[in-house]
Amino acid sequence: MAEQQKSQWSRTGGKLRKYLLHLCFQTHVIHSSQTPDWAKGIKDSQEGLASSHEHKLSFKKSKEVCLSYVQDAILQKQWRRAAEFLTFYIESLEKDYSIEYMGPSEITWRIGTEILCNHSHSSIGEFNSFIEQMKTLGVKRYLKVCLEHAFHLLCNGLIDEAYQNLSLAESWRFGEQTTAQDKDMKLVQAYRGLLDYYSWSKQKNILLEYEQDGLEDSSVEREMHSCFRKAAMGLKEIIKIPGVWDLFVKSYVDLLEFYGDHQEAREVLSEYAYNSKFPANPNAHVYFYQFLKRHGASKKSLISALKILHDIVPSHELMIDFNIMLQKSKKRKKRRLGLEVIFAALDYAGSKENVKAWSCLARQVKQIVISEKHLDWIKEEWNSRKDWWPAFHFSRYLAKRNWQENESLTYEKALVAGVLLGKDCKYFKYVSHQGCKAQVKRFRTLKKFVNRHSPVYLRISGL
């Protein structure tokens with residue numbers, strides 16, 4: 001059996017080497033009769049030890065050297081050098097005289113794929129031939145290679161060819177190996193289902209255009225329903241396995257919603273978001289919240305969904321929606337949470353220039369200052385930020401830049417800065433001066449508001 005495998009590798013290795021040599025010829029790197037200088041030492045040592053007991057050790061060492069050269073070339077994106085090095089590596093495998101079978105490893109597949117994907121003279125035909133050889137030799141990773149092949153075809157816009165490859169892979173059977181690769185098989189089915197979803201979506205859009213024009217086409221409708229059944233079958237299995245399956249979940253839920261199966265869609269999204277066996281995934285909670293919102297769920301349900309998202313990603317853009325909902329609540333506890341949410345969102349650089357976020361904070365701070373109730377809420381939030389927010393948000397440099405780029409942002413930030421740091425705050429002083437100088441009414445009003453409520457700053461700062 002080992003001899004048979006070795007013979008098969010020898011034949012296939014020659015084909016692989018042929019593809020790589022072709023790339024080397026095109027880029028004038030090596031010639032078939034010429035051994036690269038870097039390889040001569042390794043090659044000589046191998047041939048000299050062909051019959052010695054030290055051959056295995058030498059062979060292992062030379063392979064490691066080859067692979068280090070290949071890795072270095074790939075990291076530097078020197079694809080023609082990488083092709084040259086890999087050519088010698090495959091040749092050395094062919095000329096291995098050891099009794100032990102030394103077949104191609106996953107390294108050969110991965111490196112060869114990377115080179116062929118990036119080499120400027122590589123063609124889709126050469127890539128396809130290489131991958132087919134890898135499928136023949138790599139039974140234990142057959143489905144992984146099939147997925148890699150499909151991805152490459154999709155990246156090159158060959159959707160029909162990718163679909164055909166996935167369909168063939170789905171029908172693959174190889175004894176115990178079929179069971180061992182069960183999860184990979186579900187992935188193959190899922191990606192095939194994703195392409196069926198793509199076809200369904202196209203047919204759906206065609207049908208909707210016909211309906212707008214008052215036309216009917218039963219063949220399009222039948223094709224759309226056929227794509228739906230195949231897509232649903234391919235997608236629903238993978239999302240039962242714990243993992244991050246955003247694209248598959250969104251597509252499956254879209255199918256269910258279109259056909260009115262809202263209950264199953266809700267169950268799928270709820271399971272994806274709340275099943276503890278699945279890895280923590282903020283997107284799962286976003287999809288569930290968006291579904292609830294689309295279907296008119298209660299405010300209580302929406303708040304509950306966003307509360308969990310806040311605990312996972314306090315900087316998420318939906319925290320603005322969360323704050324607005326909480327501010328409108330009649331319950332003091334929820335309004336308090338709203339202030340905490342918007343302060344937390346602004347702790348992150350991604351929100352530094354978010355006008356909506358600053359507007360939410362300015363509105364709530366202003367309400368608290370005017371009513372003079374719950375100033376302790378502001379104080380509690382400010383205590384943990386007073387040492388770093390001034391430099392992070394309220395420097396004179398930022399005041400100048402914000403004023404030049406976005407007047408609305410500057411106004412909201414200046415109001416917050418004036419309350420939290422007082423009328424002598426660098427940000428507030430610069431902005432209020434520029435606003436009054438430009439005779440913008442709301443900045444004059446802002447200056448009066450901060451001056452009138454200057455005692456609030458003393459209470460918040462504990463002075």
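Q: How many helices and strands does the secondary structure of the chain come to?
A: This is a predicted model, and its chain holds no strands at all. What remains in the secondary structure count is helices, and there are 25.

Q: What share of the residues in the chain is buried?
A: Buried here means under 20% relative accessible area. The chain has 463 residues, and the buried part comes to 47%.

Q: Is Q203 buried or exposed?
A: Q203 sits in helix α10, which covers residues 182-212. Leaving aside residues up to four places away in sequence, Q203 touches V220, E223 and M224. Its relative accessibility is 18%, and the cut-off for buried is under 20%, so Q203 counts as buried.

Q: Which residue forms a salt bridge with D311, and where do both lie?
A: D311 is exposed at 52% relative accessible area, while its partner is partly exposed at 30%. The two are four residues apart, about one turn of the helix, and both lie in α15 (residues 299-312). The closest N and O atoms are 2.9 Å apart, and the partner is K307.

Q: How many residues apart are E381 and R336, the pair that links distant parts of the chain?
A: The side chains of E381 and R336 meet in a salt bridge at 3.0 Å, N to O. E381 belongs to helix α19 (residues 375-383) and R336 to helix α17 (residues 332-345), so to speak a link between distant parts of the chain. Both residues are buried, and their separation in the chain is 45 residues.

Q: Which residues are linked with R336 and E381 in a network of salt bridges?
A: The R336 and E381 pair is a salt bridge in its own right. Both also belong to a network of salt bridges, and the other members are D347, E380 and R385.

Q: Which helices hold E407 and R442?
A: E407 and R442 form a salt bridge, with the closest N and O atoms 3.5 Å apart. The pair links distant parts of the chain, 35 residues apart: E407 is in α22 (residues 407-421) and R442 is in α24 (residues 441-452). E407 is partly exposed at 34%, and R442 is partly exposed at 31%. The helices asked for are α22 and α24.

Q: Which helices each supply at least two residues of the positive patch?
A: The patch on the surface gathers R396, K400, K426 and K429. K400 has its place in α21 and is partly exposed, with a relative accessible area of 37%. The helices supplying at least two residues each are α21 (396-405) and α23 (426-437).

Definitions and conventions: Residues are numbered from 1 along each chain as its sequence is written. This is a predicted model: local features need pLDDT of at least 70, side-chain atom pairs count only at pLDDT 80 or more; totals for chains, interfaces and linings use all residues. Side-chain values use heavy atoms; hydrogens and water are left out. Patches are made of residues with over 30% relative accessible area and no salt bridge: like charges are joined within 9 Å, nonpolar side chains (Val, Leu, Ile, Met, Phe, Trp, Tyr) within 5 Å. Accessible areas come from the Shrake-Rupley method with a 1.4 Å probe; for residues, only the protein chains shown count as cover. A salt bridge is a side-chain nitrogen of Lys or Arg within 4 Å of a carboxyl oxygen of Asp or Glu. Lys and Arg count as positive and Asp and Glu as negative; His and the chain ends are not counted. The place of a charge is taken as NZ of Lys, CZ of Arg, CG of Asp or CD of Glu. Buried means under 20% relative accessible area, exposed over 50%, partly exposed in between (1.4 Å probe, protein chains only). Contact means heavy atoms within 4.5 Å.
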